[in-house]
Amino acid sequence: MGIEFQEEKHSDPEIFKALHPLLGAWFKWRFGSFTEPQRYAILNIHGLQNTLISAPTGTGKTLAAFTAVLNELITLSDAGALEDKIYCLYISPLRALSNDIERNLNEPLQEIKKAGAKINKDIDFRIAVRTGDTPARERSKQLRKPPHILITTPESFAILLNSSRFIEHLREIKWVIVDEIHSLAENKRGVHLSLSLERLQAQNSGVCRIGLSATISPLEEIAKFLAGMKNEKEARSCKIVDVRFLKKLDLKVISPLPNLIDTTAGQVQQKLYETLHQLIQSHKTTLVFTNTRSATERVVHNLKELFPQDYSSGNLDAHHSSISREKRLNVEQRLKEGKLKCVVSSTSLELGIDIGFIDLVVLLGSPKSIARALQRIGRSGHRLHDTIKGRIIVPDRDDLEECAELLKHALEYKIDKVIIPRNCLDVLAQQIYGIAIADKILEKDLLKLVRGSYCYSSLAKSDFDEVIKYLAGHYTSLETRHVYAKIWFDEETGMIGRRGKMARVLYMTNVGTIPDEARIKVKLGEHSIGTIDEIFAERLRPGDVFVLGGQSYAFRFSRGNTVQVASAEKRPPTVPSWVSEMLPLSFDLALAIQRFRLLMEEKFAAKRSKEEIMQFIEEYLYLEKNATKAVYNYFREQFLYSQIPNEKKILIEHFTDESGKRFAIFHSLYGRRTNDAFSRVLAYLIGRLSHKDVEITVNDNGFVLSCETMPVQQALNLFKKNSVRPLAELAIEKSEVLSRRFRHCATRALMILRNYRGHTKSVGRQQMSSRLLLSAVKRIGNDFPVLKETRREILEDFMDIAGAEKVVAGITSGSIKAVEVNSPSPSPFAFNLYAAGYADILRMEGKLQFIRRMHEKVMQRIEGKG
């Protein structure tokens with residue numbers, strides 16, 4: 001059968017006929033009829049068919065997954081045949097979601113119990129939650145008398161698989177439900193879970209897997225991730241229920257002003273907050289999404305300051321990951337109870353926590369991906385027949401172009417693709433250790449089990465062998481760094497097993513894939529300056545300039561949890577402070593914007609009238625008048641001043657500032673991850689050619705290189721003889737990102753133990769251990785699995801090397817032209833990119849004045865040409 005889209009929709013009478021009378025009666029009383037996801041999915045799941053359900057929030061997909069489970073448990077309970085074992089495992093990426101589901105399942109259970117009691121039927125089954133927060137007393141109770149439905153997280157599931165007594169309760173499990181699968185598939189938590197599911201499958205080949213997802217693409221890939229592989233080339237059967245576009249969309253991009261350049265920061269701020277205030281006041285409950293935690297706090301503060309008569313802590317609040325758990329739960333509860341007029345969030349409310357009725361979602365700035373926009377906006381209209389209502393307010397012209405294209409794709413149901421990480425060797429090492437602890441296993445059976453996961457279906461035997469060698473203690477030189485053998489491997493019989501009495505405890509206290517993060521101390525000599533995020537620190541290269549406490553500093557080196565800097569008073573920053581928090585633009589959406597740019601260049605080149613081009617923009621991007629006018633002016637100025645970069649042309653502007661510093665501005669609109677890889681490789685080549693250090697500033701729309709000499713064409717020509725990936729590996733070899741990501745991978749692969757015999761190792765000490773280990777494994781060789789995985793993670797997950805390879809292939813084949821021009825000042829498309837370096841030393845007003853000065857130069861030159 002393989003992966004198939006579910007074509008057949010079952011009628012309500014058909015479904016009611018399959019249900020126990022008590023459950024059927026409850027459904028009729030509570031809902032009257034079934035929803036679309038339920039009509040497609042319930043009978044599949046009843047027949048134990050693997051099923052992926054993709055549907056908007058509030059369409060009943062969770063109940064679609066659970067109906068067959070509830071039906072079986074009610075039927076068995078009615079017959080007195082319910083056994084003490086787990087029938088269904090529900091896996092959620094969030095602990096908060098776990099508590100939601102428990103509440104939402106207990107409600108129908110209590111109502112059905114009451115209905116059964118009226119006709120002398122004793123219906124009862126147990127539902128329980130098992131996460132890191134579950135008290136020891138509750139865990140013991142679950143071991144003695146297991147719940148029939150167990151709600152857990154991926155990490156707790158992995159621990160249960162290695163619990164010698166609890167595993168017995170999982171051996172005859174019938175269903176596994178993976179909720180919010182879209183949030184797991186794209187990261188290593190999902191990779192880890194995929195191997196846990198294969199371990200469960202090995203215990204019980206008949207287990208039915210159910211995946212629940214919001215809007216995501218491509219569904220076929222997610223279905224393979226969910227179901228796993230029958231063999232190396234063919235996935236297990238899985239039915240896809242695709243009702244992603246069930247609800248009507250009411251989406252608009254709003255520009256607060258028709259002219260986003262000839263204005264002051266105060267005017268933009270005032271108009272933005274007036275627009276936001278009007279939207280909030282004209283709706284019952286509004287959810288506002290920003291892209292950073294700091295912006296979330298700023299919006300809440302500013303709304304209270306500007307409109308004190310309308311907002312207070314009683315009706316307006318913030319929700320993000322840095323807020324305490326108690327505060328977040330309090331905000332969620334007040335939202336559910338309808339006590340809040342507005343909640344402002346960064347990413348923490350994207351997933352399907354039950355937050356009650358929201359009638360409007362406002363996005364401040366671009367969410368950077370179509371799928372993320374639909375997931376965020378999909379939090380509105382929580383009921384089945386509600387229209388999804390969203391507004392995107394844009395503060396500048398780059399955002400306007402991006403959001404307009406994003407809106408167009410959302411309305412046309414074109415979604416960017418999720419990339420599933422493949423062959424992660426650190427996660428593999430951790431899971432093999434867990435498998436060996438649970439029981440002895442033959443090497444060939446282990447490889448077959450691992451390749452059953454879609455994430456490892458293409459795993460090379462040589463990589464598998466290297467992981468086994470590492471775990472079996474083949475590299476004895478690592479023992480001096482306290483890395484010892486974790487398994488034994490008999491090469492004659494091919495048998496693998498655990499080594500050491502502490503193995504189970506070590507595994508269970510170090511399981512998981514989410515790295516410990518910390519604040520990094522910044523020091524100027526012995527003088528402490530402040531702290532920065534580790535995610536920010538890993539982006540730094542020697543010589544990079546950043547701002548802390550209003551002063552500019554140049555990064556020198558780091559040791560453990562401390563970064564050493566030098567004063568850089570007169571130099572603009574190359575790495576803006578917000579870079580670690582910003583979401584990267586997706587490659588698919590970037591290409592869509594490039595296609596629009598090509599259409600616009602063709603229209604201006606053909607000398608179409610202003611009215612005709614304005615009409616095209618309005619119809620193509622579904623924009624309102626203010627936004628249409630702003631987009632038209634933006635493109636007109638770029639076309640008249642220079643050229644419009646697009647999918648067939650990368651524009652490279654050479655520019656020298658007042659101090660004589662040389663810049664090359666690359667208009668490579670491919671998203672930050674692709675630009676990160678592309679810019680590092682180019683900077684590496686230019687640095688080798690010129691024997692000088694090259695400064696880099698990167699964003700989604702392109703990057704800026706700065707160096708005394710800039711042999712760009714020579715560097716681009718080198719791509720004809722050199723492939724991108726080896727160059728990228730050389731470019732990151734001595735980087736901060738390699739050092740810190742190696743720690744993450746070494747911790748996942750259990751080379752570094754976060755917890756040992758009751759002691760927790762701090763992030764600083766982990767980093768010190770990691771630096772010593774990195775030197776040791778480099779001596780072993782590039783194929784050492786944890787080092788190889790670190791490079792893969794940086795190039796494929798942190799950056800987008802595949803995107804960079806596509807761009808370079810386009811340049812070398814000639815399908816993308818690299819056009820170099822000399823500019824007296826940056827062109828309009830370069831304003832934000834060039835100003836990004838100065839963003840931290842200029843206040844908002846200063847940044848706008850800075851951009852306005854560049855704009856005045858552009859307009860003078862355009863008028864001079866005319």
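The following paragraphs go through the sheets, cysteines, nonpolar cores and salt bridges of this structure.

This is a predicted model, in which local features need pLDDT of at least 70 and side-chain atom pairs count only at pLDDT 80 or more, while totals for chains, interfaces and linings use all residues. Residues are numbered from 1 along each chain as its sequence is written, and side-chain values use heavy atoms, with hydrogens and water left out.

The sheets come first. Helices (H or I, at least four residues) and strands (E, at least two) are DSSP runs, numbered from the N terminus, and two strands pair if DSSP finds at least two bridges between them. One open sheet has six strands with parallel pairing, in the order β9-β14-β13-β10-β12-β11. Its edges are β9 (249–254) and β11 (316–319); each has a single partner strand, so one side of each is left without a neighbour in the sheet. From one strand to the next the twist averages 20°, where axes are lines fitted to C-alpha atoms, for helices over the stretch in contact, and angles run from 0 to 180 degrees between N-to-C directions. The edge strand β11 pairs with β12 (residues 342–345) in the parallel sense, over four bridges. Within this pairing, aspartate 317 has valine 343 of β12 as its bridge partner.

Aspartate 317 also has a side-chain partner. It forms a salt bridge with arginine 334 (3.0 Å, N to O), a salt bridge being a side-chain nitrogen of Lys or Arg within 4 Å of a carboxyl oxygen of Asp or Glu. The pair links distant parts of the chain, 17 residues apart, with aspartate 317 in strand β11 and arginine 334 in helix α13 (residues 325–336). Both aspartate 317 and arginine 334 are buried; buried means under 20% relative accessible area, exposed over 50%, and partly exposed in between (1.4 Å probe, protein chains only).

Another open sheet has five strands with mixed pairing, in the order β25-β26-β24-β23-β29. Here β25 (695–699) and β29 (817–822) stand at the edges with a single partner strand each, so one side of each is left without a neighbour in the sheet. Direction ignored, neighbouring strands of this sheet are turned by 15° against each other on average. Strands β25 and β26 (residues 702–706) run antiparallel and are joined by five bridges. In this pair, valine 698 stands opposite phenylalanine 703 of β26.

The cysteines can be dealt with briefly. A disulfide is a pair of cysteine sulfur atoms within 2.5 Å, and the structure holds zero of them. The cysteine sulfur closest to that of cysteine 342 is in cysteine 403, 18 Å away, which is too far for a bond. Cysteine 342 counts as buried, at 0% relative accessibility, and cysteine 403 is likewise buried at 0%.

Next come the nonpolar cores. A nonpolar core is a set of buried Ala, Val, Leu, Ile, Met, Phe, Trp, Tyr and Cys residues joined through side-chain atoms within 4.5 Å. The largest core has 85 residues, of which Tyr456 and Met751 touch the most other members. Helix α16 (residues 425–438) supplies the largest share of this core, nine residues. Contact means heavy atoms within 4.5 Å. Leaving aside neighbours within four places in sequence, methionine 751 is in contact with residues including Tyr470, Leu478, Val483 and Phe784. A second, separate core of 52 residues includes Leu257, Val268, Leu406 and Met614.

The last topic is the remaining salt bridges. The count comes to 60. In one of them, glutamate 36 and lysine 9 have their closest N and O atoms 3.1 Å apart. Glutamate 36 lies in helix α3 (residues 36–46) and lysine 9 in the loop between β1 (3–5) and α1 (12–18), so the pair ties together parts that are 27 residues apart in sequence. Glutamate 36 is buried, with a relative accessible area of 19%, whereas lysine 9 counts as partly exposed at 42% relative accessibility.

Arginine 539 and aspartate 676 form another salt bridge, with the closest N and O atoms 3.1 Å apart. Arginine 539 is in the loop between α20 (534–537) and β20 (545–548) and aspartate 676 is in helix α24 (residues 672–690), so this pair ties together parts 137 residues apart in sequence. Arginine 539 is buried, with a relative accessible area of 12%, and aspartate 676 is buried, with 5%. Salt bridges that share partners also join a set of residues into one network, among them Lys188, Asp426, Arg725 and Glu789.
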